[in-house]
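Notebook open, coffee poured. I want to go through the charges, the surface and a few odd backbone angles in this one.

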Amino acid sequence: VCRPGQYGRSCHFDDSPCERLDYDRRTQPFRGIHSFFGNLGLSSKYELLFDSQMNVVLAYDHPVYVRFRDKKDLGAVVIADVIINLGRRYVISYLMGNNTEPISLGLNQTVKEAVVAYFRDFNGVYDLLRLDHQRPLDLRPVYVSDPLDYGTASDTLSPIGLRWFLSQSVGSLALGPSVDTVLLCESCSEQDGSSSCGLWGNCEDTKCACDPGFNGPQCEGVESWCSGCSLSNGYCNGTLQQCVCFDGFEGDKCEDSLPTAAPAAFPTGTPTTRT
């Protein structure tokens, strides 16, 4: 059992897990699948799952991330989208209800309590691969990550910067084609300055506040109206939603230098002398 603040198989992670995940705006968001129930959708934003004592819920010594569906969708088949570690890989899965509305999963039991209880008794791949319609909840993987090999550089506490593969079929762990979606940590620390917010943002209340024209969890994305702006010659003006040039530059993207005025010419010829 790890001491407080330590995580991992050998308690070798001393840093706390990232609290919020969001997709890199230079890549595409995750896409859901179509099924008998229609387009199930899939979130690209996740938060740590905590129990009632505010302890991080773990699976294989790694944190569980969740995005609960809106209350208006409580009667839908998908209760939440989750990211969970299965020992060597993370999976992004639908957490599905078995022929029951999630609001009635248990007497006086909220949806979150039911999800926490599910992962408290989670038995990994065994639970994933067996179909048991007597259980109120089941996981159905949609994406599978690159492997996290223990003791190597690929081992990571949170699923940040990993490559993802579409599952060959919902509920399968067999790898299909890779996707270009990458998850980043949305949380930042003001103690570390704004280094995690890149050049175009500042850390405010543990979240990056991006300069006009930029977006994303670490201000890595560029708004379409700001894209291509030569930021050495101008800046993105959020009010005008256009590139505004510094003195000496012009063009829609401030890509052109203004011509330099020629210096004034001195008079030429032979000076005359008054007599």
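Below are my entries, in the order I looked things up.

**Entry 1: what I am looking at**

I remind myself that this is a predicted model. I started with the salt bridges, and the count comes to nine.

**Entry 2: R20 and E186**

I pulled up R20 first. Its side chain meets that of E186 in a salt bridge, with 2.8 Å from N to O. R20 lies in strand β1 (residues 20-23) and E186 in the loop between β13 (183-185) and β14 (201-204), so this pair ties together parts that are 166 residues apart in sequence.

Are these two buried or exposed? R20 counts as buried, at 16% relative accessibility. E186 is buried too, with a relative accessible area of 7%. The cut-off I used for buried is under 20% relative accessible area.

**Entry 3: K207, also on E186**

I stayed on E186 and found K207 there. K207 forms a salt bridge with E186, and the closest N and O atoms are 3.9 Å apart. K207 lies in strand β15 (residues 207-210) while E186 sits in the loop between β13 and β14, so the pair ties together parts that are 21 residues apart in sequence. I looked up cover for K207 as well: it is partly exposed, with a relative accessible area of 42%.

**Entry 4: D22 and K45**

Back to strand β1. Which side chain does D22 meet in a salt bridge? It is K45, at 3.2 Å from N to O. D22 lies in strand β1 and K45 in the loop between β3 (38-39) and β4, so the parts tied together here are 23 residues apart in sequence. D22 is buried, with a relative accessible area of 2%. K45 counts as partly exposed at 28% relative accessibility.

I then checked how these pairs connect. R20, D22, R25, K45, E186 and K207 are linked in a network of salt bridges. My note to self on the general idea: side chains of opposite charge can pair when their charged atoms come close.

**Entry 5: negative patch**

Next I went looking for charges on the surface. Which residues gather in a patch of negative charge? I get E250, D252, E255 and D256.

I looked at two of these in turn. E250 is found in strand β20 (residues 249-250), and at 38% relative accessibility it counts as partly exposed. D256 has its place in strand β21 (residues 256-257) and counts as partly exposed at 36%. I also took a C-alpha distance from D256: N233, 23 residues away along the chain, is separated from it by 8.7 Å.

I checked the record for this stretch. An unreviewed UniProt entry carries the annotation "domain: EGF-like" over residues 243-254. In the model, residues 243-254 are 0% helix and 42% strand, and the end C-alpha atoms of the span lie 7 Å apart.

**Entry 6: nonpolar patch**

I switched to nonpolar side chains on the surface. L199, W200 and L231 form a patch there, with about 290 Å² of accessible area together. I zoomed in on W200, which is placed in the loop between β13 and β14. E186 is found in the loop between β13 and β14 as well. W200 is partly exposed, with a relative accessible area of 31%.

**Entry 7: positive phi**

I scanned the backbone for positive phi outside glycine. M54 has phi near 65°, and it is a residue other than glycine. M54 is found in the loop between β4 (46-48) and β5 (58-59). It is exposed, with a relative accessible area of 56%.

Q241 came up too, with a positive phi of about 50° although it is not a glycine. Where is Q241 found? Its place is the loop between β18 (234-237) and β19 (242-245). Q241 is partly exposed, with a relative accessible area of 48%.

**Entry 8: one last look, at R67**

I finished on R67, which has its place in strand β7 (residues 65-68). R67 counts as partly exposed at 32% relative accessibility. I took its C-alpha distance to L42: the two are 25 residues apart along the chain and separated by 9.2 Å.

Definitions and conventions
Residues are numbered from 1 along each chain as its sequence is written. This is a predicted model: local features need pLDDT of at least 70, side-chain atom pairs count only at pLDDT 80 or more; totals for chains, interfaces and linings use all residues. Side-chain values use heavy atoms; hydrogens and water are left out. Patches are made of residues with over 30% relative accessible area and no salt bridge: like charges are joined within 9 Å, nonpolar side chains (Val, Leu, Ile, Met, Phe, Trp, Tyr) within 5 Å. Accessible areas come from the Shrake-Rupley method with a 1.4 Å probe; for residues, only the protein chains shown count as cover. A salt bridge is a side-chain nitrogen of Lys or Arg within 4 Å of a carboxyl oxygen of Asp or Glu. Lys and Arg count as positive and Asp and Glu as negative; His and the chain ends are not counted. The place of a charge is taken as NZ of Lys, CZ of Arg, CG of Asp or CD of Glu. Helices (H or I, at least four residues) and strands (E, at least two) are DSSP runs, numbered from the N terminus. Buried means under 20% relative accessible area, exposed over 50%, partly exposed in between (1.4 Å probe, protein chains only). UniProt positions are given in the numbering used here, feature names are shortened, and annotations may be inferred rather than shown by experiment.
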